[in-house]
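Student: I have a structure to study today. Can we go through it by question and answer?

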Protein chains: 2
Amino acid sequence: MKPGVRVLAVSGGVGGAKLALGLARVLPPAELAVLVNTGDDFTHLGLRICADLDTVLYTLAGVVNTTQGWGRADESFGFMDELRRQGGPDWFLLGDRDLVLHVERSRRLAAGETLTQIMADLAYRFGLTTRLLPMTDAPVATLLDTSVGQLEFQHYFVRLRSIPEVQRLHYAGAAQARPSDDLLTLLRSRTLETIILCPSNPYLSIDPILAVPGMRAALRAAAVPIVAVSPLVGGRAVKGPTTKIMQELGIEISSLAIASHYAGLIDGLLVDESDARTELTGSVAKEFSKLGIVVDTARTLMSTLDDRRRLAEVALNFAKRLRPTESRTAPKSWSGSV
Amino acid sequence: MKPGVRVLAVSGGVGGAKLALGLARVLPPAELAVLVNTGDDFTHLGLRICADLDTVLYTLAGVVNTTQGWGRADESFGFMDELRRQGGPDWFLLGDRDLVLHVERSRRLAAGETLTQIMADLAYRFGLTTRLLPMTDAPVATLLDTSVGQLEFQHYFVRLRSIPEVQRLHYAGAAQARPSDDLLTLLRSRTLETIILCPSNPYLSIDPILAVPGMRAALRAAAVPIVAVSPLVGGRAVKGPTTKIMQELGIEISSLAIASHYAGLIDGLLVDESDARTELTGSVAKEFSKLGIVVDTARTLMSTLDDRRRLAEVALNFAKRLRPTESRTAPKSWSGSV
């Protein structure tokens, strides 16, 4: 009999994939599933590109370019060179090996297969037993209202290097989306013990997932401890535009702000030890308590594979000490259509 | 003012592209257009691949792999290596640079552009002023009834290396196709002086073109000399399965058989000098005469660029000595729907 999934990681791209890899190394890989943001997906050159899913896939498969955290190691760029020579758009880098995923996925989507089915097959091709679950099979696009107009995520993040000021975020298509049957089945399974929100960007990577109607309720109704790892280290994000966006949206850059953001969903927040001294004492500690969120600290910076494994173990142990606030016996709020 | 097209070459892939290149070198390139077979086109990995159009494009652009006669020189195969590693179909070689055409063409076709428009843009990207005209914008597939069942052309030719015995040829979709407006406009233009059927496979490369309803009549109604260059040299085809297919279809392998095949369409046939002695004397010469086809001889083997230029000049001069049998004043038979 196949072992059941015990841990569900919820992830965006590079940062989340690091913790997912740590979890895949400290757990039997088949006992881990990763719920991945698809709000960064876009259609480019007619190909459907799923940036976060592919980053998690390549990371878990051990073929990722570890220097940049995305794309393939041992990659070539003949396609890109030629596209540039022909005057095509060259701002989004597509390696020759990487292209295989995009071509195959586009073909299957056009043939009517679901993204969940397709990613399961692609993961199998890479020898993964960890399941990769797109947040939904419906197309959802994270759109950013910015100082230079509304932008699709990759145009904001890659083409414009996160430079425009962000005024508002939308998750286009989210209202028509729903969690996949595979995800809902997993969340109802008796083997599931823990849900871990990886230290991905809460606004750009995790919020699109939570914007899928029924998703929050389904995660809560699993009635297992939900732990988030804060993306802040020393009062700022390790990488990417998290803190810049928080500033632009007028959000205080603090672990408490992260906790408030996830309030009602998570049971515990793992904060970097560098932030613990300033944030977990006195009145601030009381605020966490009011939110019903238990806080613990750890070294959350993941430079090495050992860092990833260690943080995975800490997060799993932290979750074991928590009790979910909602019982498993009230699934009505999320099952069925929303 | 743009110069008008004086010469229309009618071509399949590798062999035809050689003469097209010769023509593009002895004529101002903008005065040449190439009408290309699309019966070899197929959809592979979800990408629309137009083998003959791309071979002609790469050949005229000077980027073709001259050893094999198709594909790109200076090519890399990262995509192919990875596809193979993932267990994908590896029988059809797709270079990384080559992929740019297929991806771009597939995207534009899906967006509703015509193949004629797309190929015009792609040719422009490669700096070509010679026009590449697909035989039609409708999908047509050359299907072969063979000893191992019905096969699409590329499956027969590439995957099964032309080994199965051919019993019959079909051009699926041809009945619903029509020549493009651009081609019809060109055939009606006053600048056109000559049509040259390149030494491509008459059955696999030229017949699909002629199978498009209205095509034969449109070519004749241009009322310019039509010259074919025989694909036979020394009683056999230089390359590819032409003679094998002629044998299997019970067709005599001779220049006379080629002439009979094109009878009613061409005014002149250029035969290789190695075939002239045996075929153009006595009773055989009378047969050509009965078909209304003037025969001339030349060295038709094109090993070097000089060979291509020389044969192009010979074919153009041959055409100048001929008069078309049908006048330009009877276009009714081919205009409009068929």
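Student: By what turn can chain A be laid on chain B?
Tutor: Keep in mind that this is a predicted model. Laying chain A on chain B gives an RMSD of 0.0 Å. The shift along the axis is 0.0 Å, and the turn is 180°.

Student: What kind of axis relates the two copies?
Tutor: In general, two copies of a chain are related by a rotation about an axis and a shift along it. Here the turn is 180° and the shift is 0.0 Å. The two copies are therefore related as by a two-fold rotation axis.

Student: Which residue of chain A has the C-alpha nearest the axis?
Tutor: Look for the C-alpha in chain A that lies 3.1 Å from the axis. That C-alpha belongs to Asp96(A).

Student: What share of the contact residues of chain A recur in chain B?
Tutor: There are 21 residues of chain A in contact with 21 residues of chain B. The same surface serves both copies. The share that recurs is 100%.

Student: Which helix gives the largest share of the side of chain A that touches chain B?
Tutor: Two helices of chain A, α3 (78-85) and α4 (98-110), each supply at least two residues of that side. The largest share is 7 residues. They come from α4(A).

Student: How many residues on that side of chain A are charged?
Tutor: Sort the side of chain A that touches chain B by residue type. There are 8 nonpolar residues and 7 polar ones. The charged residues number 6.

Student: Now chain B. What do the buried residues of α3(B) pack against?
Tutor: The buried residues of α3(B), residues 78-85, include Phe79(B), Met80(B) and Leu83(B). Part of their packing is within chain B, against α4 (98-110). They also pack against two helices of chain A, α3 and α4.

Student: Which residue with a positive phi follows α3(B)?
Tutor: Its phi is near 85°. The residue is Gly87(B).

Student: Back to chain A. Which strands are at the edges of the sheet?
Tutor: The open sheet has 7 strands, and the pairing is parallel. Their order is β5-β2-β1-β9-β10-β13-β14. An edge strand here pairs on one side only. The edge strands are β5 (131-134) and β14 (294-298).

Student: Which residue in β5(A) stands opposite Leu35(A)?
Tutor: Strand β2 of chain A covers residues 32-36. This strand and β5(A) pair in the parallel sense over 4 bridges. Opposite Leu35(A) stands Leu133(A).

Student: By what angle are neighbouring strands of this sheet turned against each other on average?
Tutor: Direction is ignored for this angle. The average is 25°.

How values were computed. Residues are numbered from 1 along each chain as its sequence is written. Chains are lettered from A and ligands numbered from 1 in the order in which they are written. This is a predicted model: local features need pLDDT of at least 70, side-chain atom pairs count only at pLDDT 80 or more; totals for chains, interfaces and linings use all residues. Two residues are in contact if their C-beta atoms, placed from the backbone, lie within 7 Å. Ala, Val, Leu, Ile, Met, Phe, Trp, Tyr, Cys and Pro count as nonpolar, Asp, Glu, Lys and Arg as charged, and the others, Gly among them, as polar. Two strands pair if DSSP finds at least two bridges between them. Axes are lines fitted to C-alpha atoms, for helices over the stretch in contact, and angles run from 0 to 180 degrees between N-to-C directions. Copies are superposed by least squares on the C-alpha atoms of residues with pLDDT of at least 70 in both. A residue is buried if 20 or more other C-beta atoms lie within 10 Å of its own, exposed if 12 or fewer, and partly exposed in between; C-beta atoms are placed from the backbone.
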